[in-house]
Amino acid sequence: MFLFLLIAMVVVVAAVTLAVVGGGDSAALPEAAPEQLVDPLPQTRPVGRADVEALRLPVAVRGYRMVDVDDVLGRLGAELAERDARIAELESALAGAQATAVGGPDLFAKPGEEREQ
């Protein structure tokens, strides 16, 4: 009985090994083409919230493709830096306009009256 179980176990292990290695007539699985970023961020206009929400990065064997993630993060970083610079420029212009308004003519003086120093 022991000899029968030993032979059966060897036959099963050999069959599994041949199936895994591909000892049959069937060819190995073809290489799958890597996924590509289908809908990248727009190049002709600024990136909006809807663009980021609609973005789907392709998945690789071990997570996301680093090249696509790096491209997207680089683009978003450049957009944020550009917007931060524009906001700083507008805030300084607003502060300058407010400073000249405070030092400008007296809004409560009647026309023709001189301002007291």
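## Reading a predicted fold, starting from L41

Mentor: Let's start with L41, which is in contact with V47, D51, L55, V72, R75 and L76, leaving aside its neighbours within four places in sequence. Please keep in mind that this is a predicted model.

Trainee: How should I read a list like that, and which residues make up the largest nonpolar core?

Mentor: Here is the general idea. In soluble globular proteins, nonpolar side chains tend to be buried together. In this structure, the largest nonpolar core consists of 5 residues, namely L37, L41, V47, L55 and V72. Three of these names, V47, L55 and V72, also appear among the contacts of L41.

Trainee: Let me step back to the whole chain. How many helices and strands are there, and what pattern do they follow along the sequence?

Mentor: The protein chain has 3 helices and 2 strands, in the order α-α-β-β-α.

Trainee: What share of the residues counts as buried?

Mentor: A residue is called buried when its relative accessible area is under 20%. By that cut-off, 10% of the 117 residues are buried. The accessible surface comes to about 10500 Å², and carbon and sulfur atoms account for 65% of it.

Trainee: What do the contacts say about how distant parts of the chain meet?

Mentor: Look at the sequence separation. Counting contacts between residues at least 6 apart in sequence, 45% join residues at least 24 apart. R83 and P46 give you a concrete pair: they are 37 residues apart along the chain, while their C-alpha atoms are separated by 9.7 Å. R83 is in contact with P46 and V47, once its neighbours within four places in sequence are left aside.

Trainee: Now the charged residues. How many salt bridges does the structure hold, and where should I look?

Mentor: There are 6 salt bridges. A useful habit is to take each pair in turn, check the N to O distance, then ask how exposed each partner is. Start with R49 and E53, whose closest N and O atoms are 2.8 Å apart. Both residues belong to helix α2 (residues 49–54), 4 residues apart, about one turn of the helix.

Trainee: Is R49 buried or exposed, and what about E53?

Mentor: R49 is exposed because its relative accessible area is 68%. E53 has 45%, so this residue counts as partly exposed.

Trainee: Which salt bridge in helix α3 (residues 66–103) has its partners about one turn apart?

Mentor: Try R75 and E79, which both lie in that helix with a spacing of 4 residues. Their side chains meet in a salt bridge at 3.1 Å, N to O. R75 has 16% relative accessibility, so this arginine counts as buried. E79 is buried too, with a relative accessible area of 12%.

Trainee: What surrounds those two charged residues?

Mentor: Leave out residues up to four places away in sequence, and R75 touches L41, P42, Q43, R45 and V47. Under that rule, E79 touches R45, P46 and V47. Notice that L41, our starting point, is back: R75 was on its contact list.

Trainee: Which residue joins R75 and E79 in a network of salt bridges?

Mentor: That is R83. R83 is also found in helix α3, and this residue is partly exposed because its relative accessibility is 40%.

Trainee: R45 keeps coming up as a contact. Which residue does R45 form a salt bridge with?

Mentor: The partner is D51, with the closest N and O atoms 2.8 Å apart. R45 is partly exposed, at 42% relative accessibility, whereas D51, at 17%, counts as buried. D51 is also one of the contacts of L41.

Trainee: Finally, helix α1. How many of its 20 residues are buried?

Mentor: The count is 0, and α1 is hardly covered. To judge the helix itself, compare its span with the expected one: α1 reaches 28 Å from its first C-alpha to its last, close to the 28 Å expected at 1.5 Å a residue.

Trainee: Which residues make the nonpolar surface patch?

Mentor: F2, L3, L6, I7, M9, V10, V11 and V13 make this patch, about 810 Å² of it. V10, for one, is found in helix α1 (residues 2–21). Set that beside the core of L37, L41, V47, L55 and V72, and you have two nonpolar groups to explore in the viewer.

Notes
Residues numbered from 1 in each chain as written. Predicted model: local features only at pLDDT ≥ 70, side-chain atom pairs only at ≥ 80, totals over all residues. Heavy atoms only, no water. Buried < 20%, exposed > 50% of the residue type's maximum accessible area, 1.4 Å probe, protein only. Contact = heavy atoms within 4.5 Å. Areas by Shrake-Rupley, 256 points an atom, 1.4 Å probe, with all protein chains shown as cover. Patch = residues over 30% accessible without salt bridge, like charges linked within 9 Å, V, L, I, M, F, W, Y side chains within 5 Å. Salt bridge = Lys/Arg side-chain N within 4 Å of Asp/Glu carboxyl O. Core = buried A, V, L, I, M, F, W, Y, C linked by side-chain atoms within 4.5 Å. Expected span 1.5 Å × (residues − 1).
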